Amino acid sequence: MKSILKNILVLLFVVSIYSCKNDTKTKDERLTVVTTTTMITDLVKNVGEDLIEVQGLMGAGVDPHLYKASAGDVTKLSGADIIFYNGLHLEGKLVEVFEKMQSATKTQVALGENLDKNTLIGSDYFASNYDPHVWFNIQYFKQFVHIVVSTLSEKDPKNSANYKANGDAYIEKLDLLDRDIKGVIETLPKEKRILVTAHDAFNYFGKSYDFNVVGLQGLSTATEAGVKDVQRLSQFIIDNDVKAIFIESSVPRRTIEALEAAVKAKGHEVVIGGSLYSDALGNAGTVEGTYIGMFTYNVNTIVSSLK
């Protein structure tokens, strides 16, 4: 009896080792893809699904302007087949790491750098001279989808048809998102489409949907808003009878609270209309943890607060 039991245990051990090896092999056969921002991570997961292993560096509420790579991040980047990042100096503190990771076997794709620079919003205050918050233009985000499909297909041709099908399906969802957003925004009179936020993350959104966007800080959250900025913007709010201003999930709320106090000190009533997702999505597993859910939430919050 003991001998039989021993043989069974040995057999189970061998089977478990074999299974582990097979699991490892299956996992190793998939492309390992590392992404930076949560928006890009969500996009790549929609295109690659379970055909690839996606490792996102940044989580909910993380500010990509200030993000520094940890030792664990460097390990992930070193083991990646493909690295997708925004570029346009959004991940400014990661550029040096990306440069060190360059090799013949590793593919690095700065998605924003593939856009037509003549169509981007320029800036005298940002190192790249372009506003890097391009994901707030859905048409640009659709271009990102095509680039991701092409890159994955080139590295993994046997699954190219699946990548294309997934990409096409996701673009259909983005087209529907764009139509839905326009429908909601049309309920808000044009004279009320003034969006005041913590920093200039929403300029592409404003350009796409006819909003006057004003940020307290510059394009990068690395720049601090001064007293003059607060006073200037508080007067703008009063002059334009703005009823609501907005904080951002990845930016400390103290700057907008200071602006709110400055406006009220001058006898004008303004409220904080809510927290918008700017440089990062919401928590994983929530609706706002997806690009489409984030965009929908932002528009509903903006329109309902400004009405």
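In the predicted model, long-range contacts account for much of the chain's internal packing: among contacts in the protein chain with a separation of 6 or more, 69% are made by residues 24 or more positions apart. The protein chain comprises 10 helices and eight strands, and 48% of its 307 residues count as buried.

An example of such a long-range relation is provided by Val109, which is found in strand β4, spanning residues 107-110. Its C-alpha atom is separated by 6.1 Å from that of Ile83, although the two residues are 26 residues apart along the chain. Val109 has a relative accessible area of 10% and is therefore classed as buried, the limit being under 20%. When neighbours within four places in sequence are left aside, the residues in contact with Val109 are Ile83, Phe84, Tyr85, Asn114, Ile147 and Thr151. Of these partners, Ile147 and Thr151 are among the buried residues of helix α5.

Helix α5 covers residues 138-155, and because a rise of 1.5 Å a residue implies a span of 26 Å for its 18 residues, the distance of 26 Å between its end C-alpha atoms agrees with expectation. At the N-terminal end, α5 is capped by Asn137, a side-chain oxygen of which lies 2.8 Å from the backbone nitrogen of Gln139. The buried residues of α5 include Ile138, Tyr140, Phe141, Phe144, Val148 and Leu152, together with the polar residues Lys142 and Ser153.

The largest nonpolar core contains 58 residues, of which Phe84, Leu152, Phe205, Phe211, Tyr291 and Phe295 touch the most other members. The greatest contribution to this core comes from α5, with nine residues. Apart from this core lies another, of 17 residues, with Ile194, Val251, Ile256 and Val270 among them. Such grouping is in line with the tendency of nonpolar side chains to be buried together in soluble globular proteins. For Phe211, the contacts beyond four places in sequence are with Ile185, Leu188, Arg193, Ile194, Leu195, Phe205, Gly206, Ile302 and Leu306.

Helix α6, formed by the 26 residues 160-185, reaches 37 Å from its first C-alpha to its last, close to the 38 Å expected at 1.5 Å a residue. Its buried residues are Tyr163, Asn166, Gly167, Tyr170, Ile171, Leu174, Leu177, Asp178, Ile181 and Ile185. Residues three or four places apart in an α-helix point the same way, because there are 3.6 residues a turn. The buried residues of α6 pack against the strands β1 (31-35) and β2 (52-56), as well as against the helices α2 (38-48), α5, α7 (203-209) and α10 (291-306).

Within strand β1, attention may be given to Thr35, which counts as buried because its relative accessibility is 0%. The side chain of Thr35 is joined to that of Thr41 by a polar contact of 2.5 Å. Beyond four places in sequence, Thr35 is in contact with Ile40, Thr41, Val44, Val54, Gln55, Gly56, Leu57 and Phe84; Phe84 also appears among the contacts of Val109.

A further arrangement concerns strands β7 (residues 244-248) and β8 (residues 271-276), which pair in the parallel sense over five bridges. Between these strands the chain passes through helix α9, residues 254-265, and the resulting β-α-β crossover is right-handed. Within this pairing, Ile245 has Ile272 of β8 as its bridge partner.

Methods: Residues are numbered from 1 along each chain as its sequence is written. This is a predicted model: local features need pLDDT of at least 70, side-chain atom pairs count only at pLDDT 80 or more; totals for chains, interfaces and linings use all residues. Side-chain values use heavy atoms; hydrogens and water are left out. Helices (H or I, at least four residues) and strands (E, at least two) are DSSP runs, numbered from the N terminus. The expected span of a helix is 1.5 Å times one less than its number of residues. Buried means under 20% relative accessible area, exposed over 50%, partly exposed in between (1.4 Å probe, protein chains only). A polar contact is a pair of N or O atoms within 3.5 Å; within protein, one must be able to donate a hydrogen and the other to accept it, and residues adjacent in sequence count only if both atoms are side-chain atoms. Two strands pair if DSSP finds at least two bridges between them. A crossover is right-handed if, with the strands pointing away from the viewer, the path from the first strand over the helix to the second runs clockwise. A nonpolar core is a set of buried Ala, Val, Leu, Ile, Met, Phe, Trp, Tyr and Cys residues joined through side-chain atoms within 4.5 Å. Contact means heavy atoms within 4.5 Å.
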